[in-house]
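Trainee: Can we go through this one together? I have the viewer open and would like to start with a side chain.

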There are 2 protein chains.
Amino acid sequence: MNTMTVVEKSPIPTEHGRDRILRVAADLFLSRGYAETSLRTIAEAAEMRPASIYHHFESKDALLTEILAIGMDAVTTAFTAAKAGLAENADERDRLQAHVAGHLRALFANQAFTAAHVTVFPFAPADVRAASVPQRDEYEALWTTLLTQLTPGLDSDARRLTRLALFGAMNSAVQWFDPTEGAVDDLAATIVDTLWNGLATRTGATS
Amino acid sequence: MNTMTVVEKSPIPTEHGRDRILRVAADLFLSRGYAETSLRTIAEAAEMRPASIYHHFESKDALLTEILAIGMDAVTTAFTAAKAGLAENADERDRLQAHVAGHLRALFANQAFTAAHVTVFPFAPADVRAASVPQRDEYEALWTTLLTQLTPGLDSDARRLTRLALFGAMNSAVQWFDPTEGAVDDLAATIVDTLWNGLATRTGATS
DNA sequence: TTGCCAGCCTAACGATCGTTCGGTAGTCTT
DNA sequence: AAGACTACCGAACGATCGTTAGGCTGGCAA
């Protein structure tokens, strides 16, 4: 039904050129890795010849750089939206859950672009990594600020550790969680429930 | 001082041949990725010629396969040791912490071999991944059994999610935690403290 | 002393990689 | 109608990849 001749702006139209390259490349980088994915494979998935990619991108590295930038934009936007959507009287737990849900939703909505930061980034060429670092630091700072507000009693070392463990828990989800239905919000609720109240209260056991 | 002509068994002797290849290859795979690391680079780090590697290993894939097997052995052994080292009257929280500490210690003691499972495995060639899956499943089953004993009140979906989030939190540590001193046990204590009691009790806030 | 073999070497193979060059077909501007 | 520009293409470049063939050498076994 999507193969009809009518062409109109829809959420997922038949992509052309640049956008299509970006999407299939992000998918391939995520599933196979950066070095393992050749430009010939990307070109085939985008239904063009390898040389054509160079009309849209300066190099393979530039392509990855843009993919990573798009991914960071997505989570940063999600963070801002989560903050904006909060009720005035939201308590600490609600605020945390809103941001966790935002991060997870961005992670699954933009799948490959955002997830690439988890698995592709560490092995990206040094130049590409360096180009992404400022954006990544900005996003990290947003979370540090949030967690500082939510847990004023925690010392900064423990808070840093909590932030990194939370990121590890959230980001690892891209490797095992299947986001059918609106289940992403359930995942966020479960993660925050455990993180905030602890396993002990969820099992009835005492520490 | 290590360059003296006396050769004796020490914890870190001058490595030769096979063992040396394994160690430098594991280090390089972890820091640069599998596809990004050429056999020529490995050979240079091991102070030999590329062709010599083939005297010890059938192929580059076989080299990675063995590295992953060594890494899984390390965490499996650590898990068993943690279980054996527990006091009779250890409560749920103590048992969890002992195993978390064991996993983290194995993660940092064998650095590259164990950590390769976190970052290298997902992008390894399909054949290599398939060879590691049984060992990985076994280790996963150990944790599932443990968590089932510790949290009998949790339904299996929530427990699975808890296990994966815990793994995400622990394994992401290899990318940011610097294990100076005996600080790994402190990290384990902090992770378990937060996981078990929750952030709420650590900040004085109420849910 | 001889033969063997582990352990390493040099040299090179074909394949694949990112990339470049010089086009061509279609569309839009003037 | 002519030029310019976008989007693509075929063909090839040099570099690097995993791998192999064949040879050298020093120490151990017979």
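Trainee: Is A:Arg23 buried or exposed?

Mentor: Neither, quite: A:Arg23 counts as partly exposed, at 34% relative accessibility. Keep in mind that this is a predicted model.

Trainee: OK. What does A:Arg23 meet in a salt bridge?

Mentor: The side chain of A:Asp27, with 3.5 Å from N to O. A:Asp27 is also partly exposed, at 35% relative accessibility.

Trainee: How far apart are A:Arg23 and A:Asp27 in the helix?

Mentor: They are 4 residues apart in helix α1 (residues 17-32) of chain A, so about one helical turn separates them.

Trainee: And chain B, what does B:Arg23 form a salt bridge with?

Mentor: B:Asp27, and the closest N and O atoms are 3.5 Å apart. These two sit 4 residues apart in helix α1 (residues 17-32) of chain B, so about one helical turn lies between them. B:Arg23 has a relative accessible area of 34% and is partly exposed; B:Asp27 is partly exposed with 35%.

Trainee: How many salt bridges over all chains?

Mentor: A search of the whole structure finds 12. One of them joins the side chains of A:Arg93 and A:Asp193, at 3.1 Å from N to O. That pair links distant parts of the chain: A:Arg93 is in helix α5 (residues 92-109) of chain A and A:Asp193 in helix α9 (residues 183-203) of chain A, 100 residues apart.

Trainee: Is A:Arg93 buried or exposed?

Mentor: Buried, because its relative accessible area is 15% and the cut-off for buried is under 20%. A:Asp193 is partly exposed, at 22% relative accessibility.

Trainee: Switching to the DNA. Which residues come nearest to strand C?

Mentor: There are 16 residues around DNA strand C, and the nearest are A:Tyr54, A:Lys60, B:Arg49, B:Ser52 and B:His56. Of the strand's atoms that come within 4 Å of the protein, 53% belong to sugar and phosphate.

Trainee: What touches the phosphate oxygens of strand C?

Mentor: A:Tyr54, for one, has a polar side-chain atom 2.6 Å from a phosphate oxygen. B:His56 has a side-chain N or O atom 2.8 Å from one. With A:Leu39 the partner is a polar backbone atom, 2.9 Å from a phosphate oxygen of the strand.

Trainee: Which helices supply that surface?

Mentor: α2 (39-45) and α3 (50-56) of chain A and α3 (50-56) of chain B each supply at least two residues. The largest share comes from α3(B), with 4 residues.

Trainee: And how do the residues divide by type?

Mentor: The surface near DNA strand C has 5 nonpolar, 7 polar and 4 charged residues.

Technical notes:
Residues numbered from 1 in each chain as written. Chains lettered and ligands numbered in written order. Predicted model: local features only at pLDDT ≥ 70, side-chain atom pairs only at ≥ 80, totals over all residues. Heavy atoms only, no water. Near = heavy atom within 4 Å. Polar contact = N/O pair within 3.5 Å; in protein donor to acceptor, adjacent residues only side chain to side chain. Nonpolar A, V, L, I, M, F, W, Y, C, P; charged D, E, K, R; others polar. Salt bridge = Lys/Arg side-chain N within 4 Å of Asp/Glu carboxyl O. Buried < 20%, exposed > 50% of the residue type's maximum accessible area, 1.4 Å probe, protein only.
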